[in-house]
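Me: I have a structure open and would like a close look at one part of it, the place where the metal is held. Could you walk me through that part slowly, as I am in my first year?

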Amino acid sequence: MLYIGSHTSFLKDKQLLGVVEESLSYNSNAFMFYTGSNQSTLRFPVDKELTKEAHALMIENNIDKNNCIVHAPFIINLANNSDPDKYNFYINFLKQELNRCIELDIRKMVLHPGSYTTLSRTEGIKNIANGLNIALKNINGVELLLEYMSGKGTEVGSSIDDLKGIFDLLDSDVKEKVFVCLDTCHMNDSGVDIKDIDKFLDEFDEKIGIDKIKCVHINDSYNIIGSHKDRHANFGYGTIGFDNLINVIYNKRLDNIPKILETPWINRNERDAWAPYKQEIEMIRKKEFVDYINL
Ligand code: FE
Ligand code: FE
Ligand code: ZN
């Protein structure tokens with residue numbers, strides 16, 4: 001079954017209800033959102049009534065909450081512990097966000113593993129695992145998905161081996177709660193040939209286990225394979241291309257896993273900016289490219 005959706009906006013006045021309404025306007029049956037700013041830790045309280053209404057609307061429209069995802073803010077960085085106060089602050093904020101997922105009854109959260117900056121990759125991996133061991137110890141009922149990264153700067157998580165390194169250091173009770181979110185733009189930019197997705201999945205299965213993949217971000221890329229850049233392009237308008245992305249979405253081994261578009265809005269910085277998701281989802285469902293940007 002195809003579960004497809006996009007990034008959406010969680011705003012103060014409508015919260016999860018607004019997210020569901022936005023998703024329905026794109027014909028999505030999955031979605032993702034930040035529970036506040038993606039670059040700050042400022043959070044407004046979750047409204048119980050809006051949350052209830054949102055879940056009722058989801059049920060009415062056959063949106064399974066298991067295909068819906070929260071994205072943790074970018075600023076959490078578990079890879080560097082050279083400032084212990086900051087490191088602890090991020091661990092505590094991660095706990096808060098996980099509890100916010102429980103409040104919202106959205107039980108999957110994607111996290112960027114982090115950047116090791118002044119340390120080494122090995123230390124980065126150790127710090128991430130340690131941070132997760134602390135944050136997830138007493139929190140149950142939320143799955144944490146580590147995102148596969150492009151390897152921009154000193155990002156950890158831009159290879160299967162990086163992710164395996166983290167899993168290997170997790171306590172067994174925590175390991176059960178940690179999964180992976182792939183991202184086609186990040187994979188391409190990290191050096192993975194998306195054309196050969198099965199080769200990647202073979203290696204992933206051997207080293208980590210394919211059942212650990214719980215979400216796939218679907219983005220085209222502005223940059224060539226191995227560029228370590230991370231600039232998302234619209235579906236079919238980048239270097240990965242329409243057919244290769246369709247093959248990921250419909251890959252049997254990724255069936256039933258939510259696919260989330262994080263492609264850029266059209267005319268992003270202008271007044272008439274608009275979300276491409278309705279058009280992209282329609283192309284994906286029909287498996288047919290339409291040059292909707294230039295129509
Ligand atoms: Fe992300
Ligand atoms: Fe992503
Ligand atoms: Zn990205």
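Reply: Happy to help; what follows is a walk around the metal site, one ion at a time. Keep in mind that this is a predicted model.

Let's start with the iron ion (ligand 1). Its protein donors are His71 and His112, each through NE2, and Glu147 through an OE atom, and they lie 2.2 to 2.3 Å from the ion. If you look for these donors in the sequence, you will find them spaced H-x40-H-x34-E. His112 sits in the loop between β4 (108-111) and α4 (121-136), while Glu147 belongs to strand β5 (residues 143-147), so this pair ties together parts that are 35 residues apart in sequence. Now, are these two residues buried or exposed? With buried meaning under 20% relative accessible area, His112 counts as buried at 18%, and Glu147 is buried too, at 1%.

Glu147 is a good place to turn to the other ion. This residue bridges the iron ion (ligand 2) and the iron ion (ligand 1), which lie 3.4 Å apart. In other words, Glu147 coordinates both ions.

Around the iron ion (ligand 2), the protein donors are Glu147 (OE), Asp183 (OD), His217 (ND1) and Glu262 (OE), at 2.1 to 2.2 Å from the ion. Along the sequence, the spacing of these donor residues reads E-x35-D-x33-H-x44-E. Two of them link distant parts of the chain: Asp183 is in strand β6 (residues 178-183), and Glu262 is in the loop between β10 (259-261) and α10 (277-286), 79 residues apart. Asp183 is buried, with a relative accessible area of 0%, and Glu262 is buried as well, with 14%.

What arrangement do the four donor atoms around the iron ion (ligand 2) make? For comparison, the ideal angle for four tetrahedral donors at a metal is 109.5 degrees. To count as tetrahedral, four donors need all their angles between 85 and 135 degrees. Here the four donor atoms subtend angles of 82 to 172 degrees, which makes the arrangement irregular.

To trace the site yourself, begin at Glu147, which coordinates both ions. From there, go to His71 and His112 for the iron ion (ligand 1), and then to Asp183, His217 and Glu262 for the iron ion (ligand 2).

Methods: Residues are numbered from 1 along each chain as its sequence is written. Chains are lettered from A and ligands numbered from 1 in the order in which they are written. This is a predicted model: local features need pLDDT of at least 70, side-chain atom pairs count only at pLDDT 80 or more; totals for chains, interfaces and linings use all residues. Side-chain values use heavy atoms; hydrogens and water are left out. Donors are N, O and S atoms within 2.8 Å of the metal (3.2 Å for Na, K and Ca); water is not among the atoms, so sites may look incomplete. Helices (H or I, at least four residues) and strands (E, at least two) are DSSP runs, numbered from the N terminus. Buried means under 20% relative accessible area, exposed over 50%, partly exposed in between (1.4 Å probe, protein chains only). Four donors count as tetrahedral if all angles lie between 85 and 135 degrees; four count as square planar and six as octahedral if opposite donors are over 155 degrees apart and all others between 65 and 115; anything else is irregular.
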